[in-house]
Amino acid sequence: MNRAAIAGTAVAAASVLLLTGCGTTEAPAAAGDDAAAISIVDDRGETIELGAPAEQVVALEWNTAENLVTLGVMPVGVADVEGYSAWVKSESLDDGVTDVGMRGEPSVDAIAGLAPDLVVTTTDLPETVIAQIEEFAPVLVVRGADASNPIGQMESNLERIATATGTDDEADAVLAEFDAKVAEGKAALEEAGLAGTAFMMSDSWASGGQVSIRPFTEGALLTAVTEELGLENAWTGEGDADYGLGSTDVEGLTSVGDVEFLYITNGAADAYAVDLADNAVWTSLPFVKSGNVHRLPDGIWMFGGPSSMNDYIDAVVDTLAV
């Protein structure tokens with residue numbers, strides 16, 4: 001310690017003794033209080049002010065819940081806990097997490113009962129519901145997805161949540177791990193001779209004897225990640241501006257050649273393997289004939305954060321680079 005610092009310390013100590021001798025009971029301001037305050041501009045353009053990093057957090061979308069757990073912050077409440085547990089295997093919730101209703105239609109009373117110091121949701125939640133919650137808690141709203149920059153939006157969502165919870169260092173480590181996973185997966189596919197291979201990613205469902213197919217177009221998060229791995233998207237149809245999701249039926253797949261056809265579903269529901277098993281159009285498709293239809297493991301959340309995307313990369317590599 002230099003002389004100036006020693007002198008400053010002595011003066012400070014003398015001042016403390018003087019105040020004590022005079023019987024002063026007023027406590028000095030706690031050091032670092034101002035530094036703990038947080039200000040964030042969310043995807044609505046609203047400024048969220050927090051006196052300190054949020055600890056009691058409620059998440060009303062699965063990707064926000066996943067990101068919280070990834071950062072080491074267990075939410076006190078999550079919308080549709082059962083659904084989350086079925087679709088998001090990358091980050092598990094503790095048994096004590098409270099279910100606060102359905103995504104898109106949460107219970108405002110249940111949220112209020114948890115006395116959160118922050119609620120995190122996406123732009124998919126109706127503004128009227130957000131306004132109700134803001135009467136008793138700050139609400140950080142991130143965009144659910146952005147088809148013009150899907151990976152960038154995923155990263156931005158994680159970073160905003162990290163800032164609100166004081167876990168910026170953890171976020172940096174998570175994003176570095178994601179980048180490394182992409183590089184590792186790309187190298188594995190190149191080594192397997194699959195660089196530039198055409199693929200199509202989709203999900204589907206059956207209702208009333210009809211099968212609806214949802215292609216993941218340019219702008220979908222999974223499509224962008226797969227392209228980062230060095231594969232080429234074969235589906236040329238357009239998707240929505242947020243999630244990059246399109247719509248077609250089995251006849252629409254006749255425009256697709258012999259690609260690596262990837263899809264995700266959950267549990268026993270499998271429109272491709274069950275409902276289309278005897279469909280003449282489906283069985284005549286080149287990728288079906290060549291055995292290039294691949295169901296990826298359950299529990300990879302298609303609209304999740306870096307943790308889910310890491311699981312997706314592992315699944316693609318394990319499926320194709322055999």
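S8 and S9 run parallel and are joined by 4 bridges. In this pairing, threonine 122 has valine 142 of S9 as its bridge partner. The model described here is a predicted one.

## The parallel sheet

S8 and S9 belong to an open sheet of 5 strands with parallel pairing, ordered S5-S4-S3-S8-S9. Its edges are strand S5 (98–99) and strand S9 (139–142), each of which pairs on one side only. Helix H7 (residues 150–165) packs on this sheet and touches strand S3 (57–59), strand S8 (118–122) and S9. The direction of H7 makes about 165 degrees with that of S9.

At the S5 edge, strand S4 (residues 77–78) runs parallel to S5 and is joined to S5 by 2 bridges. There, valine 78 stands opposite aspartate 99 of S5. At the other edge, the side chains of S9 alternate: Val139 and Val141 point one way, while Leu140 and Val142 point the other way. All four of these S9 residues are buried.

## Helix contacts

Two helix pairs are set side by side below.

| Helix pair | Angle | Axis distance |
|---|---|---|
| H7 and H9 (residues 221–228) | about 110 degrees | 8 Å apart |
| H3 and H13 (residues 306–320) | roughly 90 degrees | within 8 Å |

The angle between H7 and helix H9 is about 110 degrees, which makes H7 roughly perpendicular to H9. H7 contributes Pro150, Ile151 and Met154 to the contact, and H9 contributes Leu221, Ala224, Val225 and Glu228. Sorted by class, this contact of H7 with H9 holds 6 nonpolar residues, no polar ones and 1 charged residue.

The axes of H3 and H13 cross at roughly 90 degrees, and these helices are therefore roughly perpendicular to each other. On the H3 side the meeting residues are Glu66, Asn67 and Thr70, and on the H13 side Pro306, Ser307 and Ser308. The class division for H3 with H13 is 1 nonpolar, 4 polar and 1 charged.

## Helix H3 and asparagine 67

Helix H3 (residues 62–70) is mostly covered, with 9 of its 9 residues buried. Among the buried residues of H3 are Trp62, Glu66, Asn67, Leu68 and Thr70. Just after H3, glycine 72 has a positive phi of about 90 degrees.

Asparagine 67 is placed in helix H3. Its relative accessibility is 3%, so asparagine 67 counts as buried, the limit being under 20%. Leaving aside residues up to four places away in sequence, asparagine 67 touches Asn157, Leu158, Ile161, Gly305 and Pro306. Pro306 also appears among the H13 residues that meet H3, and residues 150–165 make up H7.

## Aromatic pairs

The model contains 11 aromatic pairs. One of them is formed by phenylalanine 261 and tyrosine 272, with edge-to-face geometry: the centres are 5.2 Å apart and the planes make 85 degrees. Phenylalanine 261 lies in strand S13 (residues 260–263) and tyrosine 272 in helix H10 (residues 271–275); the pair links distant parts of the chain, 11 residues apart. Phenylalanine 261 is buried, with a relative accessible area of 0%. Tyrosine 272 has a relative accessibility of 2% and also counts as buried.

Tyrosine 272 forms an aromatic pair with tryptophan 282 as well, and this one is stacked, at 4.9 Å centre to centre and 15 degrees between the planes. Tyrosine 272 is in helix H10 and tryptophan 282 in helix H11 (residues 280–284), so the pair ties together parts 10 residues apart in sequence. Tryptophan 282 is buried, as is tyrosine 272.

Elsewhere, one aromatic cluster is formed by Trp62, Trp87, Phe216, Tyr243, Trp301 and Phe303. Trp62 of this cluster is one of the buried residues of H3.

## The S1–S2 hairpin

Strand S1 (residues 38–41) and strand S2 (residues 47–50) pair in the antiparallel sense over 4 bridges. Valine 41 stands opposite threonine 47 of S2. The hairpin has 5 residues between the strands, and in this hairpin glycine 45 takes a positive phi near 90 degrees. S1 has two unlike faces: Ile38 and Ile40 form the covered face, and Ser39 and Val41 the uncovered one.

Definitions and conventions. Residues numbered from 1 in each chain as written. Predicted model: local features only at pLDDT ≥ 70, side-chain atom pairs only at ≥ 80, totals over all residues. Heavy atoms only, no water. Pairing = 2+ DSSP bridges. Contact = heavy atoms within 4.5 Å. Axes fitted to C-alpha atoms, helices over the stretch in contact; angles between N-to-C directions. Parallel < 35°, antiparallel > 145°, perpendicular 65-115°, else oblique. Nonpolar A, V, L, I, M, F, W, Y, C, P; charged D, E, K, R; others polar. Phe/Tyr/Trp six-rings, centres within 6.5 Å; stacked < 30°, edge-to-face > 60°. Buried < 20%, exposed > 50% of the residue type's maximum accessible area, 1.4 Å probe, protein only.
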